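Here are a few notes to read alongside the structure. Have a look at it first, then work through the points.

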Amino acid sequence: MTDLRTPVRTGAAHRLAVLVEDALGAPLPVRLRAWDGSETGPSDTPVVVLRSRRALRRLLWQPGELGLAQAYITGELDVEGDLAEGLRAAWTSARERGAHTPRLTLADWARAVGEAARLGVVGPRLPAPATEARLRGDRHTKARDRAAISHHYDLSNDFYRLLLDDTMAYSCGYWTAEDMDPADAQRAKLELICRKLGLTAGSRLLDIGCGWGSLTLYAAERHRARVTAVTLAREQAAYVREQVRERGLEHLVEVVCQDYRDITGSAYDAVATVEMGEHVGDEEYPAFAAALHRIVRPEGRVLVQQMSRGVNAPGGGAFIEAYIAPDMHMRPLGDTVALLEAAGLEVRSTESMREHYVRTVAAWHRTLERRWDEVVALVGTETARVWRLYLVGGALAFEEGRMGVDQILSVRRDGKGASGLDLSEAADWYRDLV
């Protein structure tokens with residue numbers, strides 16, 4: 001019998017390592033252990049464990065990010081040690097070779113397929129995990145957008161209660177201290193938005209993509225604003241309505257479950273859309289920006305908090321679009337600013353919050369790991385693994401600058417060019433945040 005504690009130089013891990021190193025043109029960035037017990041690679045890194053030949057079959061059919069994600073989600077591939085360190089090593093290797101996927105010649109592919117056949121990997125394409133989104137119809141029709149939003153946000157209010165803090169804010173917080181409580185970071189973000197929008201008692205605020213109502217409830221309770229909260233997610237709408245009743249805010253808050261394209265109101269003093277614009281779509285964004293301009297009154301303000309990606313990596317990414325936020329689209333900050341300006345809004349302030357999102361997502365990940373058994377009992381192991389990969393990968397993408405998030409404040413000027421902004425008020429935006 002083979003002693004699995006002793007490296008088997010002809011084992012599956014060693015044979016695979018040769019293929020990977022040829023493709024990378026560099027040594028393995030992580031340690032590799034295969035289903036036959038063979039192991040190779042540096043000893044001081046996380047260990048990528050191929051528990052089944054099925055993991056490699058997925059990669060044969062779907063090389064790159066999505067194949068790896070599917071194998072991880074199903075448990076056919078796992079990582080022992082720090083998952084973030086494993087992903088960081090993989091991204092570092094990708095950067096060093098200048099591509100995210102190995103560029104294989106026909107001869108390379110032929111050799112890889114031959115080795116796969118000898119390892120017993122070759123076979124029919126495996127079905128995608130059940131957690132993968134399955135949308136129909138053309139992108140960004142109202143019906144498809146409703147299904148895309150439901151896939152992510154209607155997962156379960158109970159799940160998001162487990163993951164988030166008591167503000168139920170599912171967006172980037174604003175961290176003013178290293179040891180800040182995540183809920184306080186969210187309240188600081190909400191207060192900053194209200195200050196930038198210039199909210200006072202009686203201000204009419206439209207909250208597009210209100211989520212679980214963190215901004216809506218904060219603006220109504222703390223600033224006595226009159227808020228119309230809009231969401232496509234039925235579970236979110238039900239949650240916010242319940243909170244409005246419990247807090248006695250019926251006279252200040254109206255919750256509407258509808259598409260932003262169906263909003264008919266106008267002359268709002270302020271409009272906020274917090275990490276909702278990513279779901280609008282690239283071709284549809286000019287019409288979205290035009291709607292923001294139409295809805296707000298002259299001298300009114302619009303605040304867009306939105307994630308971004310570099311010009312060479314638009315969209316949401318294969319994994320995110322397949323498992324988290326279908327049809328998501330992010331673009332460089334400058335492109336979004338240009339679209340808002342083209343719609344007639346005057347951009348007055350942009351603020352990068354990228355590092356804040358590293359801390360925010362890390363806090364969510366800590367909660368996920370701490371409450372892992374509860375999460376699995378509620379949504380199942382596969383969905384829990386989707387979220388682990390999502391949060392770890394997201395924090396790393398923000399840390400390394402592959403993704404960003406920004407607050408963009410703009411105004412609709414009146415007919416004489418007046419913005420309605422007091423030029424000195426920006427000095428007070430950051431004073432005594434929580």
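1. In which hand of crossing does helix 8 pass helix 9? The crossing is right-handed (the near helix is turned clockwise from the far one by less than a right angle; anticlockwise would be left-handed). Helices here are DSSP runs of H or I with at least four residues, and strands are E runs of at least two, numbered from the N terminus.

2. A word on the source: this is a predicted model, where local features need pLDDT of at least 70, side-chain atom pairs count only at pLDDT 80 or more, and totals for chains, interfaces and linings use all residues. Residues are numbered from 1 along each chain as its sequence is written, and side-chain values use heavy atoms, leaving out hydrogens and water.

3. Back to that pair: helix 8 (residues 182-197) and helix 9 (residues 214-223) pack at about 70 degrees, with axes 10 Å apart (axes are lines fitted to C-alpha atoms over the stretch in contact, and angles run from 0 to 180 degrees between N-to-C directions). That makes helix 8 roughly perpendicular to helix 9, a label for 65 to 115 degrees.

4. Now helix 3 (residues 65-74): seven of its 10 residues are buried, meaning under 20% relative accessible area with a 1.4 Å probe, protein chains only. Among them are Leu-66, Tyr-72 and Ile-73. Just after helix 3, Gly-75 has a positive phi of about 85 degrees.

5. Finally, four strands form an open, mixed sheet in the order 2-1-3-4; strands pair if DSSP finds at least two bridges between them. Strand 2 (39-40) and strand 4 (77-80) are the edges. Strand 3 (residues 47-50) runs antiparallel to strand 4, joined by four bridges, and Val-47 stands opposite Glu-80.

Methods:
Buried < 20%, exposed > 50% of the residue type's maximum accessible area, 1.4 Å probe, protein only. Parallel < 35°, antiparallel > 145°, perpendicular 65-115°, else oblique.
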